[in-house]
Amino acid sequence: MTRSVIELPVSADDRRIARLAALAIGLTLAEAAIPSPLPGVKPGLANIVILLVLLQHGWRAAAWVSALRVLAGGLLFGSLFTPGFWLSAAGALVSLAVLALVRHLPSRHFSPISLSVLAAFGHIGGQLALASWWLLPGAALLKLLPVFAAAALIFGAVNGIIVARVLAAPASDRRQSAPCLRP
Amino acid sequence: MWLRAGDLAVLLAGAGGVVTLTLFAWGGEHGDTAVIRAAGQVVETTPLTRAQTFSVNGPLGTTQIEIQPGRARIARDPSPRQLCVKQGWLTQSGQAALCLPNQVSLEIRGRRAAYDTLGY
């Protein structure tokens, strides 16, 4: 019997993305414990991580972290490939697309708060678009649109303020840039 | 401060969008006509322009309907549970208060009917 060894070289980039994705997944799990009056109205704490990654490591890294978060979240909740998973994926996808555009806004006038609010609108927009096209065709969702939009505005702004504060904090305070512990 | 000029614009635009959506999704059309029925027959159709009261007789007794500019309600009704009275003022097109035991109903209509027909 021949044994073959497959070596997968792991770069520092991979480790960083894995670490940040773990952080995002942790926040996703934590916020699932928060009761919500309406499915879909969530603080979206993981988006804080996504936005930080975008601003510090670029869009590619943010897309990786977001994709890993959606996938691992689906595994951990046992909702992989269920409608809830696809809604989450659609939201993440549209939110990333929005971020790809609005990250080029001049940072002199637009702080992370703008990016966060716009990404939150993109997130809920993507989810609702998929839900109304696939799960609930018809006018049923129309009545809830204001609730979702208001939640996106509020939570987007709060998350953006958190991102702005984290970015403004001295580097030693930043959990994200703590040295990576290697086994 | 972290808030910059563009943020303010984004937040204001977002708030404006939310308000627009709210009006669009929740703001029904205000009605301008009250239709009163007894035992399924229309007994009165009146515009919601001036204050007036109507008394309609049904099997249990007299139902009193009060009309005011822009709104209408069942003021008194002999039905035991008083559901139509508790509904209070009706303002939106398509709203209706039914006093079933007394077979009296009050319906608000606008320029466009919210429903083609209501059967009860």
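User: Among the contacts in chain B between residues at least 6 apart in sequence, what percentage join residues at least 24 apart?

Analyst: This is a predicted model, in which local features need pLDDT of at least 70, side-chain atom pairs count only at pLDDT 80 or more, and totals for chains, interfaces and linings use all residues. Residues are numbered from 1 along each chain as its sequence is written, while chains are lettered from A and ligands numbered from 1 in the order in which they are written. Two residues are in contact if their C-beta atoms, placed from the backbone, lie within 7 Å. Of the contacts in chain B between residues at least 6 apart in sequence, the part that joins residues at least 24 apart is 35%.

User: What is that percentage in chain A?

Analyst: Chain A has six helices and zero strands, where helices (H or I, at least four residues) and strands (E, at least two) are DSSP runs, numbered from the N terminus. Among the contacts in chain A between residues at least 6 apart in sequence, the part that joins residues at least 24 apart is 74%.

User: What pattern of elements does chain B follow along the sequence?

Analyst: Chain B is built from two helices and seven strands. Read along the sequence, these elements give the pattern α-β-β-β-β-β-α-β-β.

User: What radius of gyration does chain B have, set beside a compact globule of 120 residues?

Analyst: The radius of gyration is taken over C-alpha atoms, and the globule rule is 2.2 Å times the number of residues to the power 0.38. The C-alpha atoms of chain B fill a box of roughly 70 × 30 × 30 Å along the principal axes. A compact globule of 120 residues would come out near 14 Å, but chain B has 20 Å.

User: How far apart are the C-alpha centres of the domains of chain B?

Analyst: The domain bounds, which come from an automatic or database domain assignment, are 1–28 for domain 1 and 33–109 for domain 2 of chain B. The distance between the C-alpha centres of domain 1 and domain 2 of chain B is 39 Å.

User: What radius of gyration does chain A have?

Analyst: The C-alpha atoms of chain A fill a box of roughly 60 × 50 × 30 Å along the principal axes. A compact globule of 183 residues would have a value near 16 Å, and chain A agrees with this at 18 Å.

User: Which helix supplies the largest share of the largest nonpolar core?

Analyst: A nonpolar core is a set of buried Ala, Val, Leu, Ile, Met, Phe, Trp, Tyr and Cys residues joined through C-beta atoms within 7 Å, and a residue is buried if 20 or more other C-beta atoms lie within 10 Å of its own, exposed if 12 or fewer, and partly exposed in between, with C-beta atoms placed from the backbone. The largest core has 47 residues, and those with the most contacts inside it are A:A24, A:V49, A:I50, A:V65 and A:A152. At least two residues each come from α1, α2, α3, α4, α5 and α6 of chain A, together with α1 (5–26) of chain B. The largest share, ten residues, comes from α5(A).

User: Which elements are among those that cover the buried residues of α4(A)?

Analyst: The 20 residues of α4(A) reach 28 Å from first C-alpha to last, close to the 28 Å expected at 1.5 Å a residue, where the expected span is 1.5 Å times one less than the number of residues. Its buried residues include A:L87, A:A90, A:V94 and A:L99. The cover over the buried residues of α4(A) includes, from chain A, α2, α3 and α5.

User: Which helix gives the largest share of the side of chain A that touches chain B?

Analyst: Between the chains, 20 residues of chain A are in contact with 16 residues of chain B. The residues on the chain A side divide into 16 nonpolar, three polar and one charged, where Ala, Val, Leu, Ile, Met, Phe, Trp, Tyr, Cys and Pro count as nonpolar, Asp, Glu, Lys and Arg as charged, and the others, Gly among them, as polar. The largest share of that side, nine residues, comes from α6(A).

User: Is A:F81 buried or exposed?

Analyst: Most residues other than glycine have a negative phi. A:F81, in the loop between α3 and α4 of chain A, has a positive phi near 65 degrees. Because 9 other C-beta atoms lie within 10 Å, A:F81 counts as exposed.
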